[in-house]
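Reader: Hey, can you walk me through this one? I'm new to reading structures.
Author: Sure, let's have a look.

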Amino acid sequence: MSSLFSLRRLCLVSLGAACLALGACGSSDSSSSSSKSTSSTTKAASSAGSSGGGSTVSLKAEATGLKFDKKTATAKAGTVTLTMANPQGGQVPHAVAVEGNGVDKDGKVVQPGGTSKVSVKLKPGKYTFYCPVDGHRKAGMQGTLTVN
């Protein structure tokens, strides 16, 4: 009987040790994976920063009339995001677009209260931002974006 008790005790101790070992392995893999992920994210962020970074340009359509609140804007070379708020009290849909130096990209057309956004990789130079809704650009809804 005592050898049966010893055998059970040995099995329980072995089982407990195996569970601890597996738990430690899982924990180690998780933290190792987490640190690899953090390292990759940090590398991606730092290489984005070292390549010039880019920036965000905020514009607003005027509630009455066909124009933006700015005629000129500046941004850093890299991925530039233009956001245009179409004010709640307006009556007309608008969007934001950018063109120049081989680039021509439009954001989606939004109703009053919405925000149109366009992101594009830009090199240093001059670009035009405008509203691509029919007739709006010709009516003067455009400006100059200088990228440094």
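Author: One term to start: two strands pair if DSSP finds at least two bridges between them. Strands (E, at least two residues) and helices (H or I, at least four) are DSSP runs, numbered from the N terminus.
Reader: Okay, and where does the model come from?
Author: This is a predicted model: local features need pLDDT of at least 70, side-chain atom pairs count only at pLDDT 80 or more, and totals for chains, interfaces and linings use all residues. Residues are numbered from 1 along each chain as its sequence is written, and side-chain values use heavy atoms, leaving out hydrogens and water.
Reader: Cool. What's the strand order in the open sheet of 3 strands?
Author: The order is E1-E3-E6, and the pairing is mixed. Strand E1 (55-60) and E6 are the edge strands, each pairing on one side only.
Reader: How much are neighbouring strands turned against each other?
Author: By 15° on average, direction ignored. For that angle, axes are lines fitted to C-alpha atoms (for helices over the stretch in contact), and angles run from 0 to 180 degrees between N-to-C directions.
Reader: You said mixed. Which way do E1 and E3 run, parallel or antiparallel?
Author: E1 and E3 run parallel, joined by 6 bridges. Ser58 stands opposite Thr83 in E3. Strand E3 (residues 78-85) and E6, on the other hand, pair in the antiparallel sense over 8 bridges. There, Thr79 has Lys121 in E6 as its bridge partner.
Reader: Which residues of E6 are on its covered face?
Author: Ser116, Val118, Val120 and Leu122 are on the covered face of E6 (residues 115-122), while Thr115, Lys117, Ser119 and Lys121 are on the uncovered one.
Reader: So is Ser116 buried or exposed?
Author: Ser116 is buried, at a relative accessible area of 0%. Buried means under 20%, exposed over 50%, and partly exposed in between (1.4 Å probe, protein chains only).
Reader: What does Ser116 touch?
Author: Not counting residues up to four places away in sequence, Ser116 touches several residues, among them Leu82, Thr83, Ala95 and Val96. Touching, or contact, means heavy atoms within 4.5 Å. A polar atom of the Ser116 side chain also lies 3.2 Å from the backbone nitrogen of Val96.
Reader: New topic: which residues touch the most other members in the largest nonpolar core?
Author: Val57, Leu59, Leu82, Leu122 and Leu145, out of 24 residues. A nonpolar core is a set of buried Ala, Val, Leu, Ile, Met, Phe, Trp, Tyr and Cys residues joined through side-chain atoms within 4.5 Å. Leu82 is in contact with Val57, Leu59 and Leu145, including others such as Phe129, leaving aside its neighbours within four places in sequence.
Reader: And how many salt bridges are there?
Author: A search of the whole structure finds 2. A salt bridge is a side-chain nitrogen of Lys or Arg within 4 Å of a carboxyl oxygen of Asp or Glu. Glu99 and Arg137 form one of them, at 2.8 Å, N to O. Glu99 lies in strand E4 (residues 97-100) and Arg137 in the loop between strand E7 (125-130) and strand E8 (142-147), so the pair ties together parts that are 38 residues apart in sequence.
Reader: Which residues meet in the 3.9 Å one?
Author: Glu62 and Lys67, through their side chains. Glu62 is partly exposed at 31% relative accessible area, and Lys67 is partly exposed at 43%.

Note on methods:
Polar contact = N/O pair within 3.5 Å; in protein donor to acceptor, adjacent residues only side chain to side chain.
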